[in-house]
Amino acid sequence: MIKKRKFTLSTTQIILLSFLVTILIGSVLLALPISSASSKSVPYLDALFTATTATCVTGLVTLPTVSTWSLFGQIIILLLIQIGGLGIITIMSGLMLLLNKKMGIGDRLLIQDAFNLNTMSGLAKFVKNVLLGTLIIEGIGSVLYMFVFIPDFGVKGIWISLFNSVSAFCNAGIDIISENSLCNYATNPLINVVTSILIILGGLGYIVWWDVLRVIKTRSAKNKKIFRHLTLHSKIAITVTFGLILVGALLIFAFEYANPATVGNMSLFDKIQVSLFQSVTTRTAGFACVPQENLTNLSSFVSLILMLIGGSPVGTAGGIKTVTVSVLICSALATIRNKNRATLFNRCISEGSVKKAVAVVVTFITICSVSAILLMAVSNAPMMDVVYEAVSATA
C-alpha cells in the first residue's frame, strides 16, 4: 500500500501565506461601501493596493487616506498597519498566550523564523514583551500627539493621534491628517520629535530594546559604559542608525538650504529640524514634511540611499537593513586590505553572515532594478521619480 505524502508548509511559506491572506481580507473589506467616505465602493484595485501598502508598511498610496476612507476604512487600514509592523504570527501568538494556550513546537518555530532568532528558549516571554512594549510606546506617542491634534481637530484629534502613533512606530508613513502628509506641521517641534522617536524605536528593532534594558539593569550601567556591554548586533544597529540620521540630515540641510520650494525660506532652526526629520522619515517610514517632488536631485539621491539601507533587523522598518549593509561594507574593506576575516567592534564576522548579506543585497537591488525598468516601460515619468518610487515600494 502506497502511503500518501503529507503536504506541509515550511515556516517561511506559512509567514508569506499569512501576509497574503491578510492583504486579501483587508482588500475585500476596503472595497465595501462602508469603508468609503463617499459610501460608494472604491475600485478593487485601489483597495488591494491600499491593503498591500498598509500591511507591507511601504507608505505609498493611490488615493488620499484622509479623504477617501470612512472611519471604518481607516480602522481597517490601521489594523493592517499594526499587523504588518508586528507580524501576523506575533499577534496570533499573543492571542494564544492571552487565552492561556500553550505554544507548540510549530508555533515556536514560526516565531523563531519570523524574528530570525537563534534560539527557541524564552519565546513566550519575548512575544509578551514585544506586544507590551509596542502598546506602551504607541500609547505614549498617542498621548503626546494629542497636545497638538486635539486643539487643532477637537475630539477627532484623539483618533488622529492614535492612528499617527501606530503608523509612525510601524514605519508605515500613512496618516489621516491631510493630503500633504505632515507638511502643515513641518516646523512643529513636538510633532517632529515624537514622530522621529517613534520611527527610530520601531526601526531599531526589539532585540536592541531588550539588550539596552538588560545592560541598564546590570552593574555596567553604574559605570556609565552601557555601549561597551551591548551585543554586537545592538552596537551595529545603534551606531549605523544614528550615523545615517546625522549624515543624511547634514547632506539634506546643505542641499536644500537655499531651495525655496522646501526649506529655503525657513529660519535656521526650522531648516535644521526639517532636515533631521527628512533624514529620519525617508530612511524607514515615508511621512513627508516637505513636498518630496520639490527636493533637489542631490537630496533625492541621498534619500534613495537612506531608503535602500532602511532600518535594523527584527524591527518594523524595511530596507536592506543596517546590520546587513555594515557586514557587507566591512567584508569589502577587509578584502581590499588583504585581510582574511572582516571584523566589527573587534569581533570577527562569520563567512555565513557575509554570504547572507551578499544574497540580501543582490536580491534587493535586483528587485528594485526590475521594478524601476517596468515602471519606466509603462510611464513617461522622469527617471529619478521612477527609481524613487521603485525603491520606496521595495523598501
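Asn192 is buried, because its relative accessibility is 6% and the cut-off for buried is under 20%. The model in which this residue is seen is a predicted one. Asn192 sits in helix α9, which runs over residues 189–204. Its side chain has two polar partners to look for. One is the backbone oxygen of Ala186, which the side chain of Asn192 reaches at 2.9 Å. The other is the side chain of Gln273, with which the side chain of Asn192 makes a polar contact at 2.7 Å. Leaving aside residues up to four places away in sequence, Asn192 touches Tyr185, Ala186, Thr187, Gln273 and Phe277.

From this residue, turn to the helix around it. Helix α9 has 16 residues, and the distance from its first C-alpha to its last is 22 Å, close to the 22 Å expected at 1.5 Å a residue. Asn192 is one of several buried residues in α9; among the others are Ile191, Val194, Leu198, Ile199, Gly202 and Gly203. At the start of the helix, a side-chain oxygen of Asn188 comes within 3.0 Å of the backbone nitrogen of Leu190. After α9 comes Gly205, with a positive phi near 100 degrees.

Gly202 and Gly203 lead on to another part of the chain, since both are touched by Thr316. Thr316 lies in the loop between α13 and α14, the latter being residues 322–336. Is Thr316 buried or exposed? Its relative accessibility is 4%, so Thr316 counts as buried. With residues up to four places away in sequence not counted, Thr316 also touches Val57, Gly85, Phe169, Cys170, Asn171 and Tyr206. The C-alpha atoms of Thr316 and Ala168 are separated by 9.7 Å, although these residues are 148 apart along the chain.

The next stop is helix α10, residues 206–217, where Arg214 and Asp211 both lie. Their side chains meet in a salt bridge, with 2.5 Å from N to O. The count of salt bridges comes to 1. Arg214 and Asp211 are 3 residues apart, about one turn of the helix. An α-helix has 3.6 residues a turn, so residues three or four places apart point the same way. The two partners differ in exposure: Arg214 is partly exposed, with a relative accessible area of 39%, whereas Asp211 is buried at 6% relative accessibility.

Helix α16, residues 383–394, can be checked for length. How far apart should its ends be at 1.5 Å a residue? For its 12 residues the expected span is 16 Å, and the end C-alpha atoms are 16 Å apart, so the two values agree. The buried residues of α16 are Val386, Tyr388, Ala390, Val391 and Ser392. These buried residues pack against three helices: α12 (268–284), α13 (297–309) and α15 (351–378).

Last, look at the surface. Leu17, Leu20, Val21, Leu24, Ile25, Val28 and Tyr44 make a nonpolar patch of about 600 Å². Which helix gives the most to the nonpolar patch? Helix α1, residues 11–30, does, with 6 residues. Tyr44, another member of the patch, is placed in helix α2, residues 44–55. Tyr44 counts as partly exposed, because its relative accessibility is 38% and partly exposed covers the range between under 20% and over 50%.

Terms used: Residues are numbered from 1 along each chain as its sequence is written. This is a predicted model: local features need pLDDT of at least 70, side-chain atom pairs count only at pLDDT 80 or more; totals for chains, interfaces and linings use all residues. Side-chain values use heavy atoms; hydrogens and water are left out. Helices (H or I, at least four residues) and strands (E, at least two) are DSSP runs, numbered from the N terminus. The expected span of a helix is 1.5 Å times one less than its number of residues. Buried means under 20% relative accessible area, exposed over 50%, partly exposed in between (1.4 Å probe, protein chains only). Contact means heavy atoms within 4.5 Å. Patches are made of residues with over 30% relative accessible area and no salt bridge: like charges are joined within 9 Å, nonpolar side chains (Val, Leu, Ile, Met, Phe, Trp, Tyr) within 5 Å. Accessible areas come from the Shrake-Rupley method with a 1.4 Å probe; for residues, only the protein chains shown count as cover. A salt bridge is a side-chain nitrogen of Lys or Arg within 4 Å of a carboxyl oxygen of Asp or Glu. A polar contact is a pair of N or O atoms within 3.5 Å; within protein, one must be able to donate a hydrogen and the other to accept it, and residues adjacent in sequence count only if both atoms are side-chain atoms.
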